[in-house]
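Reader: I have a structure to look at and some questions about it. Please show it first.

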Amino acid sequence: MNYIVFDLEWNQSPNGHAGEHPRMPFEIIEIGAVKLDEKLNIIDEFQRLIRPKLYPKFHKYIRDILNYDEETLKREGVPFKQGCTEFFDWARGISDENEGSYQDKKYRELNLDNIAFCSWGPSDLSYLQNNMDFYYMKKLPFPLKFYDIQQIYADKYTKDNTVCALDKAVTKLKLTQDRPFHAAINDAYYTARVLKEGKLGDISEKYVYDTYRYPRNKTESVHDFHNGTLEEIYGEYASKRDALKDRRITDIRCVKCGKKTTSQIKPFQINNVTDLAVGVCFRHGRMLSTIKFKPASESMDTVFVVKKIHPITKSKYTDIKNRRDLLAEKKKERDKRYMERKLNEKKVVNNTKNK
């Protein structure tokens, strides 16, 4: 198996949301990638500049960080479909002379057997697929695994698993900086070196699932145990309320024996998209369930669910319990202030009527 470490540069409307195309808010202008063998040795590199179609003028922020200008893209860039096709053919080891190119009509989806995608952060695969959809290209396979090197690095080197910029990781690891950052090929090269030289250990079980595509029904649901975590992806639901009616979402099963746990902390909301809950298996201890509700379409209500369950320590359980209690106390205070405000407003209305 080869690892394809890739990076993208993209542009957006220089006029902000007013000039943004709703189907492609971020337009890819460069694809850069490094191919690694099973021992993480660099064996090849790939780069294509992409000639923009929607946003030929750079957004001011993009112009400040790139190492090339609009004229370079116009002169050296290729159409997106061509550059993307060449990228996938290169990744799969298919030359121009061989049959089976990505554009071969007999393939309904792109075959990525023996390829593992890696990137610095989770957004590159999403933007790549968005651009592919804009040009009505064939889909990537579903479900799609990849390695988020940014998060794998953060899990080992940063406090609270907080992610950091690529250049900071390269500096912290004291890697030789022999190329400028903010070119896709160079950022892919540095990401590959972090993977190779960062002593991240065996990453084979540390993959994550890309969620640009998501389950539309029960038969497409994802169930996978990896890296000590049971990961499940469900969809599609008309609303978060409907999702919470599904016992598959709310039940917590032990990742070791598969039996349903006894609830210790009922689901509570920590932000607009995430709920936490804790159950206990009397043979294998406490299990934390993290439930993320993600928008499934242009509708504000429709969602799909990414659920992860893994064992936790007693101290972690205490932290979660304290967090729940603190959030409950804050909600109680907010509700109290709200009722006081409503009561005061009612008094003002009554006083006005009595005058």
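Reader: How many residues has helix H3, and how far does H3 reach from its first C-alpha to its last?
Author: This is a predicted model, in which local features need pLDDT of at least 70, side-chain atom pairs count only at pLDDT 80 or more, and totals for chains, interfaces and linings use all residues. Residues are numbered from 1 along each chain as its sequence is written, and side-chain values use heavy atoms, with hydrogens and water left out. Helices (H or I, at least four residues) and strands (E, at least two) are DSSP runs numbered from the N terminus. H3 spans residues 80-91, close to the 16 Å expected at 1.5 Å a residue (1.5 Å times one less than the number of residues); H3 has twelve residues and reaches 16 Å.

Reader: Is H3 largely enclosed or open, and why?
Author: Buried means under 20% relative accessible area, exposed over 50%, and partly exposed in between, with a 1.4 Å probe and protein chains only. The buried residues of H3 include Phe 80, Cys 84 and Trp 90. Nine of the twelve residues of H3 are buried, so H3 is largely enclosed by the rest of the structure.

Reader: Which element supplies the largest share of the largest nonpolar core?
Author: A nonpolar core is a set of buried Ala, Val, Leu, Ile, Met, Phe, Trp, Tyr and Cys residues joined through side-chain atoms within 4.5 Å. The largest one has 35 residues, and Tyr 147, Ile 149, Val 194 and Leu 195 have the most contacts inside it. Elements that each supply at least two residues include strand E1 (2-12), helix H5 (149-157) and helix H7 (184-197). The largest share, six residues, comes from H7.

Reader: Is Leu 166 buried or exposed?
Author: Leu 166 is in helix H6. Leaving aside neighbours within four places in sequence, Leu 166 is in contact (heavy atoms within 4.5 Å) with Trp 120, Phe 181, Asp 187, Tyr 190, Thr 191 and Val 194. At 8% relative accessibility, Leu 166 counts as buried.

Reader: Which strands stand at the edges of the open sheet of six strands?
Author: Two strands pair if DSSP finds at least two bridges between them. The order is E7-E8-E12-E11-E10-E9, with antiparallel pairing. Each edge strand has a single partner strand, so one side of each is left without a neighbour in the sheet; these are E7 (222-226) and E9 (262-269).

Reader: Which residue in E12 stands opposite Glu 232?
Author: Strand E8 covers residues 229-237, and six bridges join E8 to E12, running antiparallel. Opposite Glu 232 stands Lys 307.
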